[in-house]
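Work through the exercises below with the structure open beside you. Try each task before you read its solution.

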Amino acid sequence: MKSLIAALALSTALIAPGLALARPVTLTVNMAQYGGPGAYLAVYVTDASGAYVGSLWMAGGKSKYYKHLTDWAQMTGGDVAQVDGITGASVGAGQQLQLSMDLADALFDAGYTLHIDAAAEEMRDSPNEIAVPLTAAGAGQAVRGRRYIADFTYGF
Amino acid sequence: MKRTFALLLITSALGSGSVANAGGHGLFLAPEVSTTLRIVPGANLTLIDGDEEEDGGWLWSWSEDEDEDNDEDDDECEDDDDENDCAAGATGNAAKAGTAPPPNNGLFTDGTAPVQSN
């Protein structure tokens, strides 16, 4: 009985902090009417020093076009493994991309920045189209894009 | 290499036009100006843009990216792909969401994967 209680206590201790550190986040990208085919988007995070931390999503399935997401490609070397399991279809003009994910709580109010690079066929590449600090206060506030993205919002 | 080839192609086209003047065809510049553009059959003219350094980078197209099958970007495997081989490893593309765990980059808690909800 004592060993059972000890095991339960241990498993609770291991699991509970993980749950406490999770923050459900919704990312919403509204595309502009840019008059072109579906855009590739790379959503990734850098730390306070500007160093690449990791990718959150890749919109666009063909890796040979990832070089046009120029900042992302430069930071990752175009490593496809960075977006394995987090890749979806490209996003058309006027369309919306909405993503739900559990992010580490430590990413917020700690100097991290979310970036989105964008590119579309026979149109100009648009690195760092969105760059928004991840803060609790910034949740729900729309950030305007430059070329392909009308606005971007993250919320809890 | 592409540029060199494009320049050679253009000069060849112009040159052949001049040669053709002897027969009364092609470019005829004086005194009565007559310009005739002759397209070499099968030739693909490439627009050479010199503003690569402008903000925003280079324009991209299927030909520049060596997409030999000239298909639309439908985010699908090619038609001649066997269904069973149409996986990330076979194409060199990233695994689609839901077909593989997310990368262990420390961003996703408990290994949960992001989900496209629209």
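The exercises go from the chain as a whole to its sheets, its core and its aromatic rings.

This is a predicted model: local features need pLDDT of at least 70, side-chain atom pairs count only at pLDDT 80 or more, and totals for chains, interfaces and linings use all residues. Residues are numbered from 1 along each chain as its sequence is written, chains are lettered from A and ligands numbered from 1 in the order in which they are written, and side-chain values use heavy atoms, with hydrogens and water left out.

**Exercise 1. The chain as a whole**

Find how many helices and strands chain A has, and in what order they run.

Solution.
- Step 1: Define the elements. Helices (H or I, at least four residues) and strands (E, at least two) are DSSP runs, numbered from the N terminus.
- Step 2: Count them. Chain A has two helices and nine strands.
- Step 3: Read from the N terminus. The order is α-β-β-β-α-β-β-β-β-β-β.
- Step 4: Check burial. Buried means under 20% relative accessible area, exposed over 50%, and partly exposed in between (1.4 Å probe, protein chains only). Of the 156 residues in chain A, 47% are buried.

**Exercise 2. Two sheets**

Work out the strand order of each open sheet and name the edge strands.

Solution.
- Step 1: Set the rule. Two strands pair if DSSP finds at least two bridges between them.
- Step 2: Take the antiparallel sheet. Its five strands have the order 8(A)-9(A)-1(A)-5(A)-1(B). Strand 8 of chain A and strand 1 (115–116) of chain B are the edges, and each pairs on one side only.
- Step 3: Follow its pairs. Two bridges link strand 8 (residues 143–144) to strand 9 of chain A, and a hairpin of four residues connects these two strands. Six bridges hold strand 9 against strand 1 of chain A. Strand 1 and strand 5 of chain A share nine bridges.
- Step 4: Pick out partners. Arg144(A) stands opposite Asp151(A). Met31(A) faces Ile149(A) as its bridge partner. Asn30(A) has Gln96(A).
- Step 5: Take the mixed sheet. Its five strands in chain A have the order 4-3-2-6-7. Strand 4 (87–88) and strand 7 of chain A each have a single partner strand, so one side of each has no neighbour in the sheet.
- Step 6: Look at one pair there. Strands 6 and 7 of chain A run antiparallel with five bridges, and Ile116(A) stands opposite Ile130(A).

**Exercise 3. The core**

Is strand 9 of chain A largely enclosed or largely open? Then find which strand gives the most to the largest nonpolar core.

Solution.
- Step 1: Count buried residues. Five of the seven residues of strand 9 of chain A are buried, so the strand is largely enclosed by the rest of the structure.
- Step 2: Define the core. A nonpolar core is a set of buried Ala, Val, Leu, Ile, Met, Phe, Trp, Tyr and Cys residues joined through side-chain atoms within 4.5 Å.
- Step 3: Find its centre of contacts. The largest core has 48 residues, and Leu27(A), Leu41(A) and Leu56(A) have the most contacts inside it.
- Step 4: Name the suppliers. Strand 1 (22–31), helix 2 (70–76) and strand 9 (149–155) of chain A are among the elements that supply at least two residues each. Strand 2 of chain A gives the most, with six residues.
- Step 5: Follow Leu41(A). Contact means heavy atoms within 4.5 Å. Beyond its neighbours within four places in sequence, Leu41(A) touches residues including Met31(A), Trp57(A), Ile116(A) and Ile149(A).

**Exercise 4. Aromatic rings**

Classify the pair Tyr44(A) and Tyr52(A), then the pair Phe108(A) and Phe156(A).

Solution.
- Step 1: Set the cut-offs. Rings of Phe, Tyr and Trp (its six-membered ring) pair if their centres lie within 6.5 Å; planes under 30 degrees apart count as stacked, over 60 as edge-to-face and the rest as tilted. The structure holds eight such pairs over all chains.
- Step 2: Take the tyrosines. The centres of Tyr44(A) and Tyr52(A) are 6.3 Å apart and the planes are at 45°, so the pair is tilted. Tyr44(A) is buried at 0%, whereas Tyr52(A) is partly exposed at 21%.
- Step 3: Take the phenylalanines. Phe108(A) and Phe156(A) have centres 5.0 Å apart and planes at 80°, so the pair is edge-to-face. The two residues lie 48 residues apart in the chain.
- Step 4: Add the charge. A charge sits over a ring if NZ of Lys or CZ of Arg is within 6 Å of the ring centre and within 35 degrees of the ring normal. Arg23(A) sits over Phe108(A) at 4.9 Å and over Phe156(A) at 4.4 Å.
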